[in-house]
Amino acid sequence: MNLTSSFFFIFTLIIFYTAYKFSTLQSKQTNLVFYVHDHFTGDHSTASTVAGKTGPASSILNFGTVAIVDDPVTEGPNIDSALIGRAQGMYINSQLDGKGLYMVFSVIFTTGEFKGSSLEIQGSDIFTMKEREFGVVSGTGYFRFVKGYGIMETEFMDIATLRATLKLTVTLKHY
């Protein structure tokens, strides 16, 4: 057997072994429930419009408005419950009647079992609906190679002050 044939044989064995081992990995399922507190107004606002038809003063309730967020994520619905991370990203009002947002943000865990890990969330938020489904498209740390989905429910909303608490129930598959 010459050197090229030997290399090809060993390379083929490595590929077959890797494919076999990867196919036998069992994915884990993780179910999470957490709350995101979104405050566009007040002393401790966590969200801000940055662009829109009338510039940064545009309301997130108007089509075409872009907002950035750095919202607290807690274990429970009360803002005083245990802080477990931050939701950082953006919303774009992408529905002509102003009732639907396109959201893309990271949930970054800062304490607890998943500290240092993150989830990348993306999807539509038609906030007039009781429940909205979104995709979990990626993750880091504990959630590497994650795929999943979530259900978002409005726990509290005050349209006049643009303050809301959102309950996210997330189902994840990962290795």
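**View 1. D125 and R132, a buried charged pair.** D125 is buried, and R132 is buried too. Their side chains meet in a salt bridge, with N and O 2.7 Å apart. As with every view here, what you are looking at is a predicted model. The count of salt bridges in it comes to three, and the next view shows another one.

**View 2. E153 and K130, a salt bridge between a strand and a loop.** Here the side chains of E153 and K130 come together, 3.5 Å from N to O. E153 sits in strand β8 and K130 in the loop between β6 and β7, so this salt bridge ties together parts that are 23 residues apart in sequence. What about their surroundings: is each partner buried or exposed? E153 has 18% relative accessibility, so it counts as buried. K130, at 63% relative accessibility, counts as exposed.

**View 3. D70 and R86, a salt bridge between two strands.** The closest N and O atoms of D70 and R86 are 3.0 Å apart, and the two residues form a salt bridge. D70 belongs to strand β3 and R86 to strand β4, which makes this a link between distant parts of the chain, 16 residues apart. Both ends get some exposure: D70 is partly exposed, with a relative accessible area of 33%, and R86 is partly exposed as well, at 25%.

**View 4. D71, a buried charge without a salt bridge.** Now look at D71, which also lies in strand β3 (residues 66-74). How far away is the nearest side chain of opposite charge? That side chain is R86, at 6.3 Å, and D71, although buried, has no salt bridge. A salt bridge needs the nitrogen and the carboxyl oxygen within 4 Å, so R86 does not qualify as a partner for D71. The side chain of D71 does make a polar contact with the side chain of T46, at 2.6 Å. Leaving out residues up to four places away in sequence, D71 touches several others, among them V36, H37, D38 and H39, as well as A47, G85 and Y91.

**View 5. F34 and F109, an edge-to-face pair.** The structure holds seven aromatic pairs. In one of them, F34 and F109 sit edge-to-face, 6.1 Å centre to centre and with 90° between the planes. F34 comes from strand β1 (residues 28-39) and F109 from strand β5 (residues 101-109), so the two rings tie together parts that are 75 residues apart in sequence. F34 counts as buried because its relative accessibility is 1%, and F109 counts as buried at 5%.

**View 6. F114 and F143, a tilted pair.** These two rings form a tilted aromatic pair, 5.0 Å centre to centre with 45° between the planes. This time the link runs from loop to loop: F114 is in the loop between β5 and β6, F143 is in the loop between β7 and β8, and the two are 29 residues apart. F143 is buried at 0% relative accessibility, and F114 also counts as buried, at 11%. Zoom out a little and you meet a cluster, in which ring pairs link F34, F109, F114, Y142 and F143.

**View 7. The largest nonpolar core.** This core has 31 residues, and L32, F34, Y91, F109, L119 and L168 have the most contacts inside it. The strands that give two or more residues to this core include β1, β3 and β9. For a closer look, take L119: beyond residues up to four places away in sequence, its contacts include L32, F105, F109, F143 and L172.

**View 8. S118, a buried serine in strand β6.** You'll find S118 in strand β6, and it is buried, with a relative accessible area of 7%. A polar contact of 2.7 Å joins its side chain to that of T140. Among the residues S118 touches, apart from those up to four places away in sequence, are V107, F109, G139 and F143.

**View 9. F145 and L162, two residues with positive phi.** Most residues other than glycine have a negative phi. F145 isn't a glycine, yet its phi is positive, at about 65°. F145 is found in the loop between β7 and β8, and it counts as exposed because its relative accessibility is 68%. L162 has a positive phi too, near 55°, and its place is in the loop between β8 and β9.

Conventions
Residues are numbered from 1 along each chain as its sequence is written. This is a predicted model: local features need pLDDT of at least 70, side-chain atom pairs count only at pLDDT 80 or more; totals for chains, interfaces and linings use all residues. Side-chain values use heavy atoms; hydrogens and water are left out. Helices (H or I, at least four residues) and strands (E, at least two) are DSSP runs, numbered from the N terminus. Buried means under 20% relative accessible area, exposed over 50%, partly exposed in between (1.4 Å probe, protein chains only). Lys and Arg count as positive and Asp and Glu as negative; His and the chain ends are not counted. A polar contact is a pair of N or O atoms within 3.5 Å; within protein, one must be able to donate a hydrogen and the other to accept it, and residues adjacent in sequence count only if both atoms are side-chain atoms. Contact means heavy atoms within 4.5 Å. Rings of Phe, Tyr and Trp (its six-membered ring) pair if their centres lie within 6.5 Å; planes under 30 degrees apart count as stacked, over 60 as edge-to-face and the rest as tilted. A nonpolar core is a set of buried Ala, Val, Leu, Ile, Met, Phe, Trp, Tyr and Cys residues joined through side-chain atoms within 4.5 Å.
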